Amino acid sequence: MTKKKTKKKSSLFLIVAFCAMVCYFFVSLFGLRAQIAEKKAEIEQLEQQIELRRSENEDLAQLLAQGDLNAFVEKRARDEDLGYVYPDERVYYDLNAGQ
């Protein structure tokens with residue numbers, strides 16, 4: 001009779017251990033799926049950045065091929081980021097343009 005009790009206890013322990021292991025694998029699986037989705041979104045964002053940089057590189061290569069470096073420098077200097085203007089020049093901004 002003691003053999004039956006120990007056998008039942010050991011088989012019960014194995015069943016509980018197996019169920020715990022299966023639950024762990026399912027939780028891990030869902031965690032990994034979330035990480036995969038996050039990484040795919042990150043890859044998509046990086047691919048968009050790559051495409052933007054390629055476009056900028058093509059524009060710069062075209063300017064270099066044309067040899068009109070002064071026009072490029074002036075355009076970059078007058079861009080909204082830098083905001084340079086000539087000394088006798090007035091610049092007007094239309095604040096209602098975005099409405």
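Glu 42 is partly exposed in this predicted model, its relative accessible area being 37%. The side chain of Glu 42 takes part in a salt bridge with Lys 39, and the closest N and O atoms of the two are 3.7 Å apart. This pair meets the criterion because a side-chain nitrogen of Lys or Arg must lie within 4 Å of a carboxyl oxygen of Asp or Glu. Lys 39 is likewise partly exposed, at 46% relative accessibility. Both residues belong to helix 1, where three residues, about one turn of the helix, separate them.

Side chains of opposite charge can pair when their charged atoms come close. How many salt bridges does a search of the whole structure find? The search returns two. Besides the bridge between Glu 42 and Lys 39, there is one in which Arg 53 and Glu 56 meet, with an N to O distance of 3.5 Å. Arg 53 and Glu 56 are also both in helix 1, three residues apart, or about one turn of the helix. Arg 53 has a relative accessibility of 48% and counts as partly exposed. Glu 56, with a relative accessible area of 35%, is partly exposed too. These values fall in the partly exposed class because buried means under 20% and exposed means over 50%.

Glu 56 leads on to the largest pocket, since this residue appears in the lining together with Asp 59, Leu 60, Gln 62, Leu 63, Phe 72, Lys 75, Arg 76 and Asp 79. Two elements, helix 1 and helix 2 (69-78), each give two or more residues to that lining. Which element supplies the largest share of the lining? Helix 1 does, with five residues. By character, the lining divides into five charged residues, three nonpolar ones and one polar one. Rolling a probe the size of a water molecule over the atoms shows where empty space is left. For the largest pocket, the volume comes to about 320 Å³.

Attention now turns to other parts of helix 1, which spans residues 2-66. Phe 25 is found in this helix and belongs to a nonpolar patch on the surface, formed with Phe 18, Met 21 and Tyr 24. Together, the four patch residues have about 480 Å² of accessible area.

Val 22 is another residue of helix 1. With 27% relative accessibility, Val 22 counts as partly exposed, because the buried class is restricted to values under 20%. The C-alpha atoms of Val 22 and Lys 7 are 22 Å apart in space, for a sequence separation of 15 residues.

Gln 45 lies in helix 1 as well, and its relative accessible area of 46% makes this residue partly exposed. How far apart are the C-alpha atoms of Gln 45 and Cys 19? They are separated by 40 Å, while the two residues stand 26 residues apart along the chain.

Terms used
Residues numbered from 1 in each chain as written. Predicted model: local features only at pLDDT ≥ 70, side-chain atom pairs only at ≥ 80, totals over all residues. Heavy atoms only, no water. Patch = residues over 30% accessible without salt bridge, like charges linked within 9 Å, V, L, I, M, F, W, Y side chains within 5 Å. Areas by Shrake-Rupley, 256 points an atom, 1.4 Å probe, with all protein chains shown as cover. Helix = DSSP H or I, 4+ residues; strand = E, 2+ residues; numbered from the N terminus. 1 Å grid on protein atoms, 1.4 Å probe; cavity = no way out; pocket = protein on both sides within 12 Å on 5 of 7 lines; lining within 4 Å. Points joined across faces, edges and corners; volume = space filled by probe spheres on them. Nonpolar A, V, L, I, M, F, W, Y, C, P; charged D, E, K, R; others polar. Buried < 20%, exposed > 50% of the residue type's maximum accessible area, 1.4 Å probe, protein only.
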